[in-house]
Amino acid sequence: MSMTMNFRNRLFMAAAVLCACTGIAQAHQEAAEAASGPNPLAEKVRAANSRFLDVRAATAEGYAPIPCANGIAGGAMGIHYVNGQYLKDDKIDIARPEAVMYEPMADGTLKLVAVEYITSKGPASLEGQLFNFNSAPNRYGLGEFYELHVWAWKGNPTGTFADMNPKVSCEHAMAPSQ
């Protein structure tokens, strides 16, 4: 009986230490985010593109969906609504992203999470933020290009400009035939 009590006490203590460590880690992360403050480029992108909160605005401006993009190691980018005209012109304009990204929700709605700027001319930058280079061939069937994701509406623990977001999922994306 005392062995059982001793085991329970140790188990309880281990759980308490784990909870305390988790709380400290979360507080540290929140303090780091508060100290670094909001990202100025993400704020500008949000201000320039809030019209896309409703996906109908994207389709009205000539954006068309491509399938939800999952990450190989987890996370996702969501469903890209791509404007082919902007993709071809190679111009970088904060208010005219080449792609607008939505996360499919369980209720069938789409939630704006990010935008993506794409150009074949580079090296490219927007407000001092360098774009990522993508070689060809690539999974998009495009030639070499430069791209910049801006997670302006959904925080990304891997960075505001990372390609994949571990907080985004394609779980509720409808199959193309739906």
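**Overview: the fold has four helices and eight strands**. Helices here are DSSP runs of H or I with at least four residues, strands are E runs of at least two, and both are numbered from the N terminus. Starting at that end, the order is α-α-α-β-β-α-β-β-β-β-β-β. This is a predicted model, so to speak of local features we need pLDDT of at least 70, while side-chain atom pairs count only at pLDDT 80 or more, and totals for chains, interfaces and linings use all residues. Residue numbers run from 1 along each chain as its sequence is written, and side-chain values use heavy atoms, with hydrogens and water left out. Of the 178 residues, 34% are buried, meaning under 20% relative accessible area; exposed means over 50%, and partly exposed is in between (1.4 Å probe, protein chains only). Take the contacts (heavy atoms within 4.5 Å) between residues at least 6 apart in sequence: 51% of them join residues at least 24 apart.

**Close-up 1: the largest nonpolar core**. Such a core is a set of buried Ala, Val, Leu, Ile, Met, Phe, Trp, Tyr and Cys residues joined through side-chain atoms within 4.5 Å. This one has 35 residues, and Val45, Tyr117 and Val150 touch the most other members. Two or more residues each come from helix 2 (40–49), strand 1 (64–70), strand 2 (76–82), strand 3 (99–104), strand 4 (110–119) and strand 8. Strand 4 chips in the largest share, five residues. As general background, nonpolar side chains in soluble globular proteins tend to be buried together.

**Close-up 2: the two sides of helix 2**. Leu41, Ala42, Val45 and Asn49 are the buried residues of this helix. They sit on the same side of helix 2, because they cover an arc of only 100° around the axis; the arc is taken from the directions from the helix axis to the C-beta atoms. Flip to the face turned away from the buried side and you'll find the exposed residues Pro40 and Ala47. The cover over the buried residues includes strand 4, strand 5 (125–126), strand 6 (129–130) and strand 8. Zooming in on Val45, and skipping neighbours within four places in sequence, its contacts are Ile94, Val115, Tyr117, Val150, Ala152 and Trp153.

**Close-up 3: the disulfide between Cys68 and Cys170**. A disulfide is a pair of cysteine sulfur atoms within 2.5 Å, and a search of the whole structure turns up one. Here the S to S distance is 1.9 Å. The torsion about the S-S bond is about -80°, so this disulfide is left-handed. It ties together distant parts of the chain, 102 residues apart: Cys68 is in strand 1, and Cys170 is in the segment after strand 8. Cys170 is buried, with a relative accessible area of 10%.

**Close-up 4: Asn165 in the segment after strand 8**. With 0% relative accessibility, Asn165 counts as buried. Its side chain reaches the backbone oxygen of Gly155 at 3.1 Å. Beyond neighbours within four places in sequence, Asn165 is in contact with Gly75, Ala76, Trp151, Lys154, Gly155, Asn156 and Pro157.

**Close-up 5: Ala162, after strand 8 (145–150)**. Ala162 is buried too, with a relative accessible area of 19%. Leaving out neighbours within four places in sequence, Ala162 is in contact with His149, Trp151 and Asn156. Met77 is 85 residues away along the chain, yet the C-alpha atoms of Ala162 and Met77 are separated by 9.6 Å.

Conventions. Polar contact = N/O pair within 3.5 Å; in protein donor to acceptor, adjacent residues only side chain to side chain.
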